[in-house]
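Please open the model in your viewer and prepare to make a short series of selections. The stops below proceed along strand pairings and end at a single residue.

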Amino acid sequence: MPDRRAQTAGAVITRFAPSPTGPFQVGGVRSALFNYLYARQHKGKYILRCEDTDPVRSKKEYEDYFLEVFAWLGLEHDEYCRQSERGLLYGTYLNDLLSAGKAYISKEEPKKEGERAEVVRFKNPNKVVSFHDEILGDISVDTTDLGDFVIARDMQSPLYHFTVVVDDFEMGITHVIRGKEHVANTPRQILIQEAIGATRPIYAHLPLILSQDRKKLSKRDPNVTPALTYRDNGYLPEALLNFMALTGWNPGGEQEVFTKEELIKLFSLERVQRSDGIFNSEKLEWLNKEHIRRLSKEKLTAHIETHLPSGTKDLPGYSREMLSRIVPVIAERITHFGEVTLMANDGELDFYFKAPVYPKEKLFWKEDRDAVKLLNRLNVVADLIGRIHDAEFTQEQIKSAVWDYAETEGRGQVLWPMRYALSGKDRSPDPFQLAAILEKKETLERLKNAAAIIGKG
RNA sequence: GGCUCUAUCGUCUAACGGUUAGGACGAAAGCUUCUCAAGCUUUAAAUCCGGGUUCGAUUCCCGGUAGAGUCACCA
């Protein structure tokens with residue numbers, strides 16, 4: 001049996017460490033993605049770590065939330081852990097620091113509610129810390145103005161900066177890839193590393209994704225969107241991943257649509273942007289549409305079906321088979337599946353499943369008010385279409401059956417009433433496509449019905 | 001305000017000292033089977049400002065300006 005440790009020696013280990021203090025935001029997806037991509041590309045390990053050391057703000061439901069996000073996105077982790085379960089480990093390191101005189105118990109005067117009268121402070125050596133960032137380059141900061149910062153409320157309650165350093169070291173994290181808001185935290189974490197004798201990981205700080213108004217996508221920002229709303233609104237995981245990868249990074253070529261596998265292959269820290277970017281939802285829409293196009297017919301149908309409201313499914317003409325004929329028409333008109341729900345609720349889909357009702361004036365093309373001619377056109381179209389065999393009732397056949405007549409009679413004069421008779425809508429797919437979807441019997445019925453309305457007046 | 005970082009079309013970005021500064025999203029216009037959608041074609045749109053270095057700066061250096069992050073007993 002081969003020695004595992006030898007195998008993984010020198011291997012890349014990355015991590016993503018969300019804190020369960022609110023519904024996980026879309027912006028965070030990118031950090032997770034880059035850590036994931038980097039680990040997969042290097043055949044390394046990707047660890048997901050729940051940073052729940054704050055007992056009052058951490059909630060189980062929020063942990064479940066981000067777990068669900070990553071499951072949906074397919075960013076599977078190799079290891080999972082919770083900081084709340086590692087108290088013993090932190091305690092050991094804390095004790096070592098205390099006995100080495102690198103930290104001390106400090107008497108305090110509580111300023112805020114909940115503040116302790118005694119905390120553990122780190123003895124700041126007050127020096128200039130320099131580190132290299134794979135994206136930003138060399139950075140050095142004088143840590144003197146940090147003072148002797150607090151690393152634990154008490155021996156059982158270590159704080160963020162301390163637990164991060166201990167965990168990254170214990171887990172053998174080789175690359176810390178995280179948002180740029182952490183560059184200011186890095187010097188103090190390096191100080192702690194040096195105090196506990198930890199090795200320094202490679203740092204890569206990602207540019208921030210700002211909201212439309214150029215502000216950080218923070219948890220408290222009301223404009224910010226919980227990640228799962230994208231799932232619920234019918235965005236594809238691959239599209240969201242693609243979009244996130246492309247904001248702040250690009251592979252250099254002119255390709256813009258990528259699968260997760262392609263991203264794993266192409267990703268590189270060198271090509272990560274230095275400047276902050278804005279969340280460009282229009283581009284996401286476009287990318288989602290591109291990924292929708294690449295979906296199989298089965299998956300496409302399934303997505304559309306789940307977003308169809310029950311009111312539509314209850315319509316008399318509704319069937320799975322009918323739906324599958326409409327799918328291409330719908331797919332062409334949406335950027336995300338949530339729009340299916342919108343369309344259905346606006347009644348834009350009803351005419352596929354039941355005969356439309358419309359005022360008869362709508363059958364007339366523009367200023368043409370000649371009822372006799374209109375009636376005749378409707379009948380001719382019905383006759384032309386009636387001659388097509390059931391088995392050949394396709395869009396192409398229908399078009400070629402009607403086209404010559406429409407050309408001589410005037411396209412609008414023929415096509416508009418034909419389409420209106422089938423859809424009852426000012427706007428809809430073209431009449432040939434509609435007829436093919438509705439099939440011969442229903443098409444003829446609707447044409448006949450239109451003729452009857454005109455004939456009556 | 002201190003500290004740190006950043007700066008190419010509205011947005012995402014390409015151009016590792018030499019290009020008519022390229023692409024994509026979005027926008028506008030036109031074409032295509034009546035309407036819509038899709039598609040195709042075209043157009044408008046950028047190197048923050050000022051100094052250097054250099055034969056030559058989007059690119060290197062300095063200053064300014066602007067923007068962002070961060071300054072917790074949150075993470």
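The bridge partner of Ala103 in strand S5 is Phe122; select these two residues to begin. The model under inspection is a predicted one.

Next, extend the selection to both strands in full. Strand S4 covers residues 103-107 and strand S5 covers residues 118-122; 5 bridges hold the two in an antiparallel pairing.

Keep S5 displayed and add strand S8, residues 150-152. S5 and S8 run antiparallel and are joined by 2 bridges. To locate this pairing, pick Arg121, whose partner in S8 is Val150.

Now move to strand S2, residues 45-50, and strand S3, residues 79-82. Here the pairing is parallel, with 4 bridges between the strands. Cys50 may serve as a marker, as Arg82 in S3 stands opposite this residue. Add helix H3, residues 60-73, to follow the connection: the chain leaves S2, passes through H3 and arrives at S3, forming a right-handed β-α-β crossover.

For the final stop, select Phe279, which sits in the loop between strand S12 (277-278) and helix H10 (281-293). Is Phe279 buried or partly exposed? Phe279 has 19 other C-beta atoms within 10 Å, and a residue counts as buried at 20 or more; Phe279 is therefore classed as partly exposed. To complete the view, add Met244, which is 35 residues apart from Phe279 along the chain. A distance drawn between the C-alpha atoms of Phe279 and Met244 should read 8.9 Å.

Methods. Residues numbered from 1 in each chain as written. Chains lettered and ligands numbered in written order. Predicted model: local features only at pLDDT ≥ 70, side-chain atom pairs only at ≥ 80, totals over all residues. Buried ≥ 20, exposed ≤ 12 C-beta atoms within 10 Å, placed from the backbone. Pairing = 2+ DSSP bridges. Right-handed = clockwise from strand over helix to strand, strands pointing away.
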